[in-house]
Amino acid sequence: MDSLEIRSRDVQERTFCKWLNTKLESNGYPAMTSLVKDLSDGVRLIQLMEIMGDVSLGRYNKIPRMRVQKAENVNKALEFITSRGVKLTNIGPEDIIDGNLKLILGMIWTLILRFTIADISEEGLSAKEGLLLWCQRKTEPYKEVDVQDFSTSWSDGLALCALIHCHRPDLLDYGKLDKADRHDNTRLAFQIAADHLNIPQLLEVEDLCDSSHPDERSVMTYIASFFHAFSSMDQAETVSRRVEKFAELMQSVWVSKNDYERRVRLLLSAWSKEQTSWMTTLFTGTYTEARQRSVEFTTYKQTTKRTWVTEKQDIATLFGNVQTKLKTYGLREYVPPNGLSLLDVDDAWKKLLGSEAQRSRAINAEIRQIKENLRKKFAEVANDFEQRLHAISSELTAIDGPLEVQQQMVQQIQTRLPALSETLKHVADAETECNAANIEENDHTVFTCQDLEFELELLVQRISKKIAFIDNQIVSRNMTNLTPAQLEQFESTFRYFDKDESNTLNQSEMTAALASLGIVYSDEDMDYIYEQLLHDYGAVTFEAFINLLVEITEDQTSPEQLREAFRGIASDKPFVTELDLRIAHLPAPSIEFLREAMPITQSEAGEPEYDYERWLDDVFA
């Protein structure tokens, strides 16, 4: 036997012994010091098989003294190995009892292949070829590393450092390594793997750096530990990220729905209080007091009521946005609680308008210096204009259907605005006549020209916002390679920096928007990007902005992926616990939301268990 073979056998014996000790020690058994001595009575071999096979081998001689007892133990272990489909060649109980190191090493290598390396798969390749391809793919970006085998390719420590840096760049600075110091590089990789990745040091620095041909089997055994450590890390991060993104989406919808319900309750309460105040306020019969009430009523219409008009339209827009978002991602339609629907708001608004009319008539009855004909003339054109405004507003609110159909309907409504503006001139003329006649109130209408101008302006703005929103939703719908959270973030960023609400960004706005997302370019690069977007789209529209960001980040989550993600977190249980969510490293707000959202049951011990399957069924119904 030549010196290289002797050295290789020594390395294998030491490496394999450490590998077996990781199994024994993690299950509460003492470590071995010698393969020949510690395996000879079969006790340790049976313990190892029970650990690897996750099964009990039954009764055996725990303190064998006679050779026949040792043979029974060893034979029981070998029979178990064979029953698991592992083929053992030229080894029997006597070889292990008598300490045939060569055959013992061969048996252990067979076990390593079966229980550690055989399940490795990479792009259709398995076992050794799959592990080698995985190493090559992970280290390809590092020009000093060229992994061609499991021997000399690992002798300078750089391949090990590259594997660590590829997955955990926070653990070492690859660029600062002294590429020529093979011993320090290898020692550093061993230390980081043991301290931070829970990968036992199966090899010594000298086994890799001071051998002309490091032992292939020993190196493969050690490198396989890296594969399993990083694979489990990647899988855990993936399922956690999917659940986190979905939780963020659901929390966003939940916040929007609660905001809608809160604002509707406040608005309805304010309307009710105002009407009660009108009903309980009595006139004293003096002109001064009646004039004061008239001034107060006018102030209300120019301040409080306009705030309510704006809030009412904003609430309708918020409701439509929630429904569109739910429909976009295939989630169940939102049905507000009783008394809080848009129809309920419209009914309350009509009641408020009726109360306004009553209030206006009560004030006007106290002031008789009014020319009836001018009142009627103004009321006729003003009410007609308001009805036309209300009709168009109702048409806009009732728009539904596919986004492209909605887009056409809104654009058709927009073509009717010029004629409406011309009609408003007639309203202004009639009001001028009333003002000249010192008429400050009108029993036949609750509107002023300023009110109608304000509502018309709001309608124009609402139509423009609706068109921009639908255009942006069409773009967002087609961006299936972005997560809902990303789309929401990009859309809110675009809206925030679109200061003039033109649904486009100028160069300074685009630069600021990208910077808010953590994307910063030089002035020269930003000039080039902006000019390119102008060339391709004519302006930096929402579509152009989103397409620019698509090149930076993308992700996609399906219902089945989410279900698999929850199963992974729950370790295949039909329920998930709060401890499962915390072990998966979900952010605290996401955990709190999931605890509130998912159906809950109690375990026999009284601990809460969350039914994620039923929750996902409800969400994606």
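The following exercises, each with a worked solution, explore a predicted model of one protein chain.

**Exercise 1. Overall form**

Work out whether the protein chain is spread out or a compact globule, and describe its secondary structure.

Begin with the secondary structure, which comes to 26 helices and 6 strands in the protein chain. Next, take the radius of gyration, which is 38 Å, and set it against the 25 Å that the globule rule gives for 621 residues; the value is well over that figure, so the chain is more spread out than a compact globule. The C-alpha trace, followed along its principal axes, spans about 125 × 65 × 40 Å. Then turn to the surface and the interior: about 31600 Å² of the protein chain is accessible, with 49% of this area belonging to carbon and sulfur atoms, while buried residues make up 45% of the 621 residues. Finally, consider the contacts in the protein chain with a separation of 6 or more, of which 67% are accounted for by residues 24 or more positions apart.

**Exercise 2. The annotated domains**

State which residues the UniProt annotation "domain: Calponin-homology (CH)" covers, and describe each span in turn.

According to the UniProt record, an unreviewed entry, this annotation covers residues 10-116 and 125-231. In the model, residues 10-116 are 64% helix and 0% strand, and the end C-alpha atoms of this span lie 21 Å apart. For residues 125-231 the corresponding values are 55% helix and 2% strand, with the end C-alpha atoms 16 Å apart. One residue to examine here is Thr116, which is found in helix α6 (residues 101-117). Thr116 has a relative accessibility of 7%, and because buried means under 20%, Thr116 counts as buried. When its neighbours within four places in sequence are left aside, Thr116 is in contact with Trp19, Leu111, Ala224 and His228.

**Exercise 3. Aromatic pairs**

Determine how the rings of Tyr260 and Tyr334 are arranged, and then treat Phe494 and Phe542 in the same way.

A search of the whole structure finds 21 aromatic pairs. For Tyr260 and Tyr334, the ring centres are 6.1 Å apart and the planes stand at 90 degrees; planes over 60 degrees apart count as edge-to-face, so this pair is edge-to-face. The pair links distant parts of the chain, with Tyr260 in helix α11 (residues 216-280) and Tyr334 in the loop between α13 (304-328) and α14 (342-366), 74 residues apart. Both partners are buried: Tyr260 has a relative accessible area of 1%, and Tyr334 has one of 6%.

The second pair, Phe494 and Phe542, is also edge-to-face, at 5.3 Å centre to centre and with 80 degrees between the planes. Phe494 belongs to helix α19 (residues 484-497) and Phe542 to helix α22 (residues 542-550), so that this pair, whose members are 48 residues apart, likewise links distant parts of the chain. Phe494 counts as buried at 0% relative accessibility, and Phe542 counts as buried at 1%.

**Exercise 4. A cluster, and charges over rings**

Name the members of the aromatic cluster that includes Trp271, and find which ring lies under the charged end of Lys62.

The cluster is formed by Trp271, Trp278, Phe297, Tyr300, Trp308 and Trp349. As for Lys62, its charged end sits over the ring of Tyr60, 4.4 Å from the ring centre. A further case is Lys499, which lies over the face of Tyr496 at 3.9 Å from the ring centre.

**Exercise 5. Positive phi and burial**

Decide whether Asn503 is buried or exposed, do likewise for Asp572, and note what their phi values show.

A useful starting point is that most residues other than glycine have a negative phi. Asn503, although it is not a glycine, has a positive phi of about 65 degrees, and its place is in the loop between α19 and β3 (504-505). Its relative accessibility is 14%, with which Asn503 counts as buried. Asp572, another residue other than glycine, has a positive phi near 70 degrees and lies in the loop between α23 (559-569) and α24 (578-583). The relative accessible area of Asp572 is 66%, and because exposed means over 50%, Asp572 is exposed.

How values were computed: Residues are numbered from 1 along each chain as its sequence is written. This is a predicted model: local features need pLDDT of at least 70, side-chain atom pairs count only at pLDDT 80 or more; totals for chains, interfaces and linings use all residues. Side-chain values use heavy atoms; hydrogens and water are left out. Rings of Phe, Tyr and Trp (its six-membered ring) pair if their centres lie within 6.5 Å; planes under 30 degrees apart count as stacked, over 60 as edge-to-face and the rest as tilted. Helices (H or I, at least four residues) and strands (E, at least two) are DSSP runs, numbered from the N terminus. Buried means under 20% relative accessible area, exposed over 50%, partly exposed in between (1.4 Å probe, protein chains only). A charge sits over a ring if NZ of Lys or CZ of Arg is within 6 Å of the ring centre and within 35 degrees of the ring normal. UniProt positions are given in the numbering used here, feature names are shortened, and annotations may be inferred rather than shown by experiment. The radius of gyration is taken over C-alpha atoms; the globule rule is 2.2 Å times the number of residues to the power 0.38. Contact means heavy atoms within 4.5 Å. Accessible areas come from the Shrake-Rupley method with a 1.4 Å probe; for residues, only the protein chains shown count as cover.
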